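Subject: A structure for you to explore

Hello,

Here is the structure I promised to pass on to you. Please open it beside this email, so that you can find each part as you read.

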Amino acid sequence: MSQRSIGSPKPVVSAAAQMSELIELLEVVWERGRDTASAPPVSSAQARVLFLVEANVQLNLRELGRLLEAAPPSVTRLCDRLQAVGFLERHPGADDRREVLLRLTPTGRTYLERLRARRQEVLAEAMAAMPEASRAALATGLADFCAAVAKPLRLPSPESFTTRTA
């Protein structure tokens with residue numbers, strides 16, 4: 001990849017195009033991992049719900065809908081399905097019993113652990129084929145990218161990502 005001047009918008013456009021291509025490849029990997037992580041596989045939308053509920057303590061249905069940019073009936077159906085397979089629990093809020101708070105069940109947490117482990121295996125295989133300097137640069141760049149993406153989703157800081165298994 002060629003170096004361009006820092007003030008030029010072209011490196012950002014080039015990096016965005018490469019990131020888009022990477023996301024397409026990761027979607028294939030993610031689907032493979034999702035289907036092998038547990039007997040009742042969940043959809044990509046349901047997996048996003050699980051990740052957001054795990055990362056945001058005291059998340060309610062309304063806030064989940066905002067984070068997903070989805071309509072309330074869609075969010076409710078997603079949560080219904082996850083509750084039916086035993087991955088999600090709903091609880092009334094302590095201050096307002098009309099508020100519905102979401103929490104992962106132990107089964108839901110186990111599903112995410114297995115999913116992350118499977119995905120990490122596939123990614124580790126691919127990264128092992130990269131030169132060490134490229135892996136180091138990728139790790140630095142991805143940490144900064146995660147920080148930029150995680151903030152508006154109220155996800156944990158990148159430092160906490162390094163302590164997880166994937």
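Below is what I found, going from the overall layout to single pairs of side chains.

Please keep in mind that this is a predicted model.

**The overall layout**

The protein chain holds seven helices and three strands. Reading from the N terminus, you will meet them in the order α-α-β-α-α-β-β-α-α-α. The chain has 166 residues, and 25% of them count as buried. If you take the contacts between residues at least 6 apart in sequence, 52% of these join residues at least 24 apart.

**Helix α4 and its buried face**

A good place to begin is helix α4, which covers residues 72–84. You can check its length yourself: with 13 residues at 1.5 Å a residue, α4 should span 18 Å, and its end C-alpha atoms are indeed 18 Å apart.

Which residues of α4 are buried? They are Val 75, Leu 78, Cys 79 and Leu 82. Looking down the axis of α4, you would see these buried residues fall within an arc of 95°, so they line one face of the helix. The spacing has a simple background: an α-helix has 3.6 residues a turn, so residues three or four places apart point the same way.

What covers that buried face? Among the elements that do so are α2 (44–55), α3 (61–68), β2 (88–92) and β3 (100–104). After α4 comes Gly 86, which has a positive phi near 85°.

**The nonpolar core**

In soluble globular proteins, nonpolar side chains tend to be buried together. In this model, the largest nonpolar core has 21 residues, and Leu 64 and Cys 79 have the most contacts inside it. Two or more residues come from each of α2, α3, α4, β3 and α5 (106–128). Helix α2 gives the largest share, five residues.

Cys 79, one of the buried residues of α4, is worth clicking on. Leaving aside residues up to four places away in sequence, Cys 79 touches Val 49, Leu 61, Leu 64, Leu 88, Arg 90 and Leu 102.

Now turn to α2. For its 12 residues, at 1.5 Å a residue, the expected span is 16 Å; the end C-alpha atoms of α2 are 17 Å apart, which agrees. The buried residues of α2 are Gln 46, Ala 47, Val 49, Leu 50, Leu 52 and Val 53. Val 49 appears here as a buried residue, and you have just met Val 49 as a contact of Cys 79.

**Salt bridges**

How many salt bridges does a search of the whole structure find? It finds four, and I will take you through some of them.

Start with Arg 116 and Glu 54, whose side chains meet in a salt bridge at 2.5 Å, N to O. Arg 116 lies in helix α5 and Glu 54 in helix α2, so this pair ties together parts that are 62 residues apart in sequence. Arg 116 is buried, since its relative accessible area is 8% and the buried class means under 20%. Glu 54, at 25%, counts as partly exposed.

Next, find Arg 66 and Glu 63, which form a salt bridge at 2.6 Å, N to O. Both belong to helix α3 and are three residues apart, which puts about one helical turn between them. Arg 66 has a relative accessible area of 46% and is partly exposed, whereas Glu 63, at 17%, counts as buried.

Helix α5 has a pair of this kind too: Glu 121 and Arg 118 are three residues apart there, about one turn of the helix. The closest N and O atoms of their salt bridge are 3.7 Å apart. Glu 121 is partly exposed at 46% relative accessible area, and Arg 118, at 24%, is also partly exposed.

**An aromatic pair**

The search of the whole structure turns up one aromatic pair. Phe 87 and Tyr 111 are stacked, at 4.9 Å centre to centre and with 25° between the planes. Phe 87 sits in the loop between α4 and β2, while Tyr 111 is in helix α5, so the pair ties together parts that are 24 residues apart in sequence. Both Phe 87 and Tyr 111 are buried.

Enjoy exploring, and write back with any questions.

Best wishes

How values were computed
Residues are numbered from 1 along each chain as its sequence is written. This is a predicted model: local features need pLDDT of at least 70, side-chain atom pairs count only at pLDDT 80 or more; totals for chains, interfaces and linings use all residues. Side-chain values use heavy atoms; hydrogens and water are left out. Helices (H or I, at least four residues) and strands (E, at least two) are DSSP runs, numbered from the N terminus. The expected span of a helix is 1.5 Å times one less than its number of residues. Buried means under 20% relative accessible area, exposed over 50%, partly exposed in between (1.4 Å probe, protein chains only). The arc is that of the directions from the helix axis to the C-beta atoms. Contact means heavy atoms within 4.5 Å. A nonpolar core is a set of buried Ala, Val, Leu, Ile, Met, Phe, Trp, Tyr and Cys residues joined through side-chain atoms within 4.5 Å. Rings of Phe, Tyr and Trp (its six-membered ring) pair if their centres lie within 6.5 Å; planes under 30 degrees apart count as stacked, over 60 as edge-to-face and the rest as tilted.
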